[in-house]
Amino acid sequence: MSLLFDMFARFRDILKSAYSYKEALERENLTQETVNLLRDKLKSSKVVPQSLADKQLIFFLTTYKNDVDKSAALLESCYKLKRSAPEFFKDRDVDAKDIQNCLDNQYYITLPVTPDNHMLIYHSLKNNDPNSYNFDSAAKTFIMMNEAYNYYHGPRPEVIYLFDLKGLSFRFLFKPSVSTMRKGIKFLEGGMPYNIKAVHVFNTVSFFDWIIGKAWSKCGNLI
């Protein structure tokens, strides 16, 4: 129980030091009344935690521009996907060995928000040895980085991803199963509180089309 209490205490501290709630409401043309309506809408949900803070709820309202029904549906999708992918959402401690291994061997870089209000996130390999790579841990770290960006800058409606495939070899494809890869990408597409504006890929590899066809078909037109 003490560990659980400590986890919630740490999260409350994160929320206190996060973005300005008032500034975010004004920037995204949101109102407290709409946030309250979303909270009321979620009272009947069996998967969305009732303890979510207002600072969390407005991420989803930003995505759908004050549409309470669509925002509630996105929250349902988010938490259902989280339940279906414990490999990405358990033991999420930045000091954990698997997370530190990812930070040592891959680049996870958050760039300044663009002038037109888009988040900008860069990811690539730092170590080209497939033995240093674990897809589950990398996906977990990538999702955590997205969330950290959100809490620092506040809600933004869209994100642009920059993926550099330099150093990626066919041997990396044996690290995750296709189903696990799809699960991670599905969460990015349908569980995160923003839309994917575009995906820019650099130094593409010969098997890139296979990756898109097998795992990221929904966003193929954004690349």
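Here is a short chat about how some labels in this predicted model are earned.

User: What should I know about this model before we start, say on pLDDT and numbering?

Analyst: The model is predicted, so local features need pLDDT of at least 70, side-chain atom pairs count only at pLDDT 80 or more, and totals for chains, interfaces and linings use all residues. Residues are numbered from 1 along each chain as its sequence is written, and side-chain values use heavy atoms, with hydrogens and water left out.

User: Why is glutamate 147 called buried?

Analyst: Buried means under 20% relative accessible area, exposed means over 50%, and partly exposed is in between (1.4 Å probe, protein chains only). Glutamate 147 has 16%, so buried is the right word. This residue sits in helix H8, residues 135-153; helices (H or I, at least four residues) and strands (E, at least two) are DSSP runs, numbered from the N terminus.

User: What makes the glutamate 147 and arginine 92 pair a polar contact?

Analyst: Their side chains come to 2.7 Å. The term asks for a pair of N or O atoms within 3.5 Å; within protein, one must be able to donate a hydrogen and the other to accept it, and residues adjacent in sequence count only if both atoms are side-chain atoms. The pair therefore qualifies. Not counting residues up to four places away in sequence, glutamate 147 touches Lys82, Arg92 and Met192, where contact means heavy atoms within 4.5 Å.

User: How do you know that the buried residues of H7 line one face?

Analyst: In H7 (residues 97-105), Ile99, Cys102 and Asn105 are buried. Seen down the helix axis, the buried residues fall within an arc of 140°, so they line one face; the arc is that of the directions from the helix axis to the C-beta atoms. On the other side, Lys97 and Asp104 are exposed. The buried residues of H7 pack against strand E1 (106-111), strand E2 (118-125) and H8.

User: What makes E2 and E3 paired strands?

Analyst: Two strands pair if DSSP finds at least two bridges between them. Seven bridges join E2 to strand E3 (residues 158-164), so they pair, and they run parallel. Histidine 123 stands opposite phenylalanine 163 in E3.

User: Why are E1 and E4 said to stand at the edges?

Analyst: The open sheet of four strands has the order E1-E2-E3-E4, with mixed pairing. E1 and strand E4 (195-202) each have a single partner strand, so one side of each is left without a neighbour in the sheet.
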